[in-house]
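Dear colleague,

I am handing over a structure that I would like you to look through, and my notes on its side-chain contacts follow below it.

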Amino acid sequence: MKGLLITGTLIKLLLIPAYRSTDFEVHRNWLAITHSLPMSQWYTENTSEWTLDYPPLFAWFEKFLSLFASLIDPDMLVINNLNYASTSTVLFQRATVMLSELVLYWALTRYIKYCGQKYVHWILAGALFLHPGLFIYYTIFDGYPHIHFQYNGFLYGILVLSIVEAKRNHLLASGILFAILLNFKHIYLYMAPAYFVYLLKAYCFNDKFSFQRIILLGSSVVGVFAVSLGPFVYMNQLPNLIGRLFPFTRGLCHAYWAPNFWALYAATDRLLILVAKLLKWPLNEIALGSMTRGYVGDTQFALLPAIEAKHTMIITVLVQLAVLQVVWRKPTFDNFLSSLTLCTFASYLFGWHVHEKAIMIILVPFSLMAANSKLHLRLFILLSCSAIYSLFPLLFKPTETPVKASLSLLWVITVIPGLTRLIRHFPIIYLSLLRYRSVRDVLTPIEIYYIAGFIGVQFYIDIGHYVLFGAERFEFLPLMLTSVYCSVGIIYSWGLFTIHFLKGRL
């Protein structure tokens, strides 16, 4: 693992000059808010459009970082210094992201130690730690190690630690770690139903109902939330905090459609507009430009029925319930990890205003299962390729195409063939995988053609679109094509995984 840490650090150092997205300014502003203002104003301050919209533990994390930031460059902590990006500020934020990722490194070392075959899990841990999605995240958002400046490696580390503790049957510790994670970033609510059902059944109803255990688990989780939210309840700031965390005024789809079910739904509506114009069908004129905005307000459809937040919530809950009943009936760790993945899948595919980068929250638990069977490995390949490519638009400059393509191809040709070959050396555990010596033995021909199709999609985006339409027409088409093509692979992986899970074939 030390070699992986060194390799990952060197790659991130090379990415320091890479593009910084608005998330760099987001976190600079949060440093300034938490450093300069009392807690009572953290969730009301709005000088910048990038207001604090993460839970309190993350705000305290920013407060902690600001203590060191004041020593490096005090000007970065001035709220009115909008878009401030001195060299020392950039280096400081990149360095804090890299250091915070040591939590992920530590979590993966514990995963290797406690979760079965050492060498196979070493590859899985390396595949996750050096995942191209993390590096793209690093460069865009963070303007550093993880394209988006959101300290995701740190948060993934807490998640992996929680999963490892569940594997060790330390369920109380697992639940506490997940409660802490929720109070760092509320997007992990995607996973909360799986944790709730598994901990309730496996910990509180193990052989028989234990009132003592349910009190211990409940008080531990409530204690974490009390520490996090208590001060804001006391200061009557809870409504402001909740309003920041759950802004339902945003539309169904993000500006760049996350490759999920609603991307296909929206694309179908776009195609029907062309048909409607030819056949002179009546159209909702307001909707014609709606899907290219996506950030704020209600999303309008020209022909298909409108979708509201309550509709997405109902669909998500129903899909999750189908999965959770399996965990309740058979609360094994493998079923828990599968349900964790599938609950996150459901929220990603059918949720409201999903961000494209949320796909990494699915990949983290799924990566830990990649060597469980041929099906797991097959879906890991498909899902990884679709997920990685879906993040490509986050690095949108032509000069960055070789970087993202090279990192992704290097990961694919190293991890996937290595995993299929290494598994052969452990026949006692992986007897069913012995005959699968290459990727072609794992994937079906159609799946191989689908993965090869990404080359054609990239060719169209880089060259074909400009030859056909120029730079001014149909600017949204390359993004739509990326989203729709990736959504096919992601939905296919989810569907296949769900069917096998519900039938007990995993």
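The largest nonpolar core holds 141 residues, and within this core Y111, V160, Y188, Y195, Y198, Y348 and I359 touch the most other members. Helix α17, which spans residues 374-390, gives the most to this core, with eleven residues. Please keep in mind throughout that this is a predicted model. To take one of those well-connected members as an example, V160 touches L104, A107, L108, Y111, L128 and V364, where residues up to four places away in sequence are not counted.

Turning to the charged side chains, the structure holds six salt bridges. One of them joins the side chains of E165 and R110, with a distance of 2.8 Å from N to O. Because E165 lies in helix α8 (residues 152-167) while R110 lies in helix α5 (residues 102-114), this pair ties together parts that are 55 residues apart in sequence. As for their surroundings, E165 and R110 are both buried.

A second salt bridge is formed by the side chains of R270 and D269, at 3.1 Å from N to O, and here again R270 and D269 are both buried. E308 and K310 also form a salt bridge, in which the closest N and O atoms are 3.8 Å apart. Is K310 buried or exposed? With a relative accessible area of 52%, K310 is exposed, whereas E308, at 40% relative accessibility, counts as partly exposed. Both assignments follow from the cut-offs, because exposed means over 50% relative accessible area and buried means under 20%, with partly exposed in between. Beyond the individual pairs, R110, E165 and R168 are joined into one network by salt bridges that share partners.

R168 appears again when the aromatic rings are considered, since its charged end sits over the ring of Y114, at 3.9 Å from the ring centre. In a similar arrangement of charge and ring, K201 lies over the face of W328, at 4.8 Å from the ring centre.

How many aromatic pairs does a search of the whole structure find? The search finds 34 aromatic pairs. Among them is the edge-to-face pair of W42 and W60, whose centres are 5.1 Å apart and whose planes are at 70 degrees to each other. This pair links distant parts of the chain, given that W42 is in the loop between α2 (22-36) and α3 (56-72) and W60 is in helix α3, 18 residues apart. The two tryptophans are assigned to separate accessibility classes: W42, at 1% relative accessibility, counts as buried, while W60, at 36% relative accessibility, counts as partly exposed.

Another edge-to-face pair is formed by Y43 and F232, at 5.4 Å from centre to centre and with 80 degrees between the planes. This pair too links distant parts of the chain, with Y43 in the loop between α2 and α3 and F232 in helix α11 (residues 211-234), 189 residues apart. Y43 is buried, as is F232. Finally, a cluster made up of W30, Y54, F58, F61, Y151, F154 and F184 is linked by ring pairs.

With best regards

Conventions. Residues are numbered from 1 along each chain as its sequence is written. Side-chain values use heavy atoms; hydrogens and water are left out. A salt bridge is a side-chain nitrogen of Lys or Arg within 4 Å of a carboxyl oxygen of Asp or Glu. Helices (H or I, at least four residues) and strands (E, at least two) are DSSP runs, numbered from the N terminus. Buried means under 20% relative accessible area, exposed over 50%, partly exposed in between (1.4 Å probe, protein chains only). Rings of Phe, Tyr and Trp (its six-membered ring) pair if their centres lie within 6.5 Å; planes under 30 degrees apart count as stacked, over 60 as edge-to-face and the rest as tilted. A charge sits over a ring if NZ of Lys or CZ of Arg is within 6 Å of the ring centre and within 35 degrees of the ring normal. A nonpolar core is a set of buried Ala, Val, Leu, Ile, Met, Phe, Trp, Tyr and Cys residues joined through side-chain atoms within 4.5 Å. Contact means heavy atoms within 4.5 Å.
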